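Please open the structure in your viewer and keep a residue-selection panel at hand. The tour below moves from one selection to the next and says what is to be found at each stop.

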Amino acid sequence: MPDELMHISEGYGKIDGRCADRREDIKKRISGHRPGARLPKVTYDAEENALWETVISRLHKIHPTTACHRYIQAADRLVLPLDRVPDLQAVSDELRGHTGFQLLPAGDLVPPKDFYCGFTDSYFYSTMYMRCPAVPFYSPDPDVLHELVGHAVMLTDPLFADLYRLFGEAVSRARTDEQIDQISKVFWFTMETGLVRESGNLRAYGAALLSSAGELEGMDEVSLTQFSIDKMLRQPYDIYQYQHVLFVVDSIDVLAREIRGFLGDLLSAGA
């Protein structure tokens, strides 16, 4: 087990008191925010900015050999600062200029239906707290670094932005909790933890991987499975651990085709 994971138990149990207090403070700051309003301003302290710099610097070193080509291009479009946590409103404004997506503040994990349905209106819920310093290279919870480095960067890509919207439309039209669970599972194994083969090499396109130096550096230790939505639906997973099984797709075009087919068939069957 990687050293930083020694600090993690189940769920939120090992978040230290200072981190928990900071999250509660930010949650109060964003309480009552409404879509369309300016995002609440959060001022990050020296420790939080230093943590951002530490993680971003490491990711910048490994992304050239671990991130997919579309991500490398997207990171050139949405250039995040190296030395500080960026202002979310500035990121949201720039993101909107690329694909129409905007950020909404989240104090914690957002209920699945709300999270996905936001995509339909080109909104992405983003937490605004930083991960705990004890686990710099892996966050068991979706912190602001994960949201921006993983999701916001990829959302500057028109193809990925359209896929996110498609997931949102599917959840908004889903008739049962089982359908939402199936959609959520496919989202996890693709948009969060997906891998693609490019020129014979494994490259990450999933946001959880792209924002986790620990997982990117440990991809050789996981079980790789050829892309199969049927297998994804049967594969258990735990967001609070390094992933033990990752699915590999042959190309991003194949990914887009398979996702569109799955979501279309799922909703047609439930109509």
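What follows is a walk through a predicted model, taken stop by stop.

**Helix α2.** Begin by selecting residues 46-66, which form helix α2 with its 21 residues; from the first C-alpha to the last, this helix reaches 29 Å, close to the 30 Å expected at 1.5 Å a residue. At the start of α2, display the side chain of D45, one oxygen of which comes to within 3.1 Å of the backbone nitrogen of E47. Then move along to H60, where α2 has a kink of about 30°, shortly before the proline P64.

Which residues of α2 are buried? Colour E48, N49, L51, W52, V55, I56, L59, I62, H63 and T66, since these are the buried residues of the helix. An α-helix has 3.6 residues a turn, so residues three or four places apart point the same way. To see what surrounds the buried residues of α2, add their packing partners, among them α1 (17-30), α3 (69-77) and α6 (144-154), together with β4 (201-204).

**Helices α3 and α6.** Keep α3 and α6 on screen and hide the rest. Their axes lie 9 Å apart, and the two helices pack at an angle of about 95°, which makes α3 roughly perpendicular to α6. The contact is made by Y71, A74 and A75 on the side of α3, and by V149, G150, V153 and M154 on the side of α6.

**M232.** Next select M232, which sits in helix α11 (residues 229-234). Is M232 buried or exposed? Its relative accessible area is 0%, and M232 is therefore buried. Leaving aside neighbours within four places in sequence, M232 is in contact with K185, V186, F189, T190, F227 and F247. One of these partners, K185, is 47 residues away along the chain, yet the C-alpha atoms of K185 and M232 are separated by 7.0 Å.

**Two serines with positive phi.** The last two stops are best viewed one after the other. S122, in the loop between α5 (112-120) and β2 (123-127), has a phi near 65°, a positive value in a residue other than glycine. S199, in the loop between β3 (195-198) and β4, likewise is not a glycine and has a positive phi of about 55°. Where S122 is buried, with a relative accessible area of 11%, S199 counts as exposed, at 77% relative accessibility.

How values were computed
Residues numbered from 1 in each chain as written. Predicted model: local features only at pLDDT ≥ 70, side-chain atom pairs only at ≥ 80, totals over all residues. Heavy atoms only, no water. Helix = DSSP H or I, 4+ residues; strand = E, 2+ residues; numbered from the N terminus. Expected span 1.5 Å × (residues − 1). Bend = angle between axes of the 7 residues up to and from the residue. Buried < 20%, exposed > 50% of the residue type's maximum accessible area, 1.4 Å probe, protein only. Contact = heavy atoms within 4.5 Å. Polar contact = N/O pair within 3.5 Å; in protein donor to acceptor, adjacent residues only side chain to side chain. Axes fitted to C-alpha atoms, helices over the stretch in contact; angles between N-to-C directions. Parallel < 35°, antiparallel > 145°, perpendicular 65-115°, else oblique.
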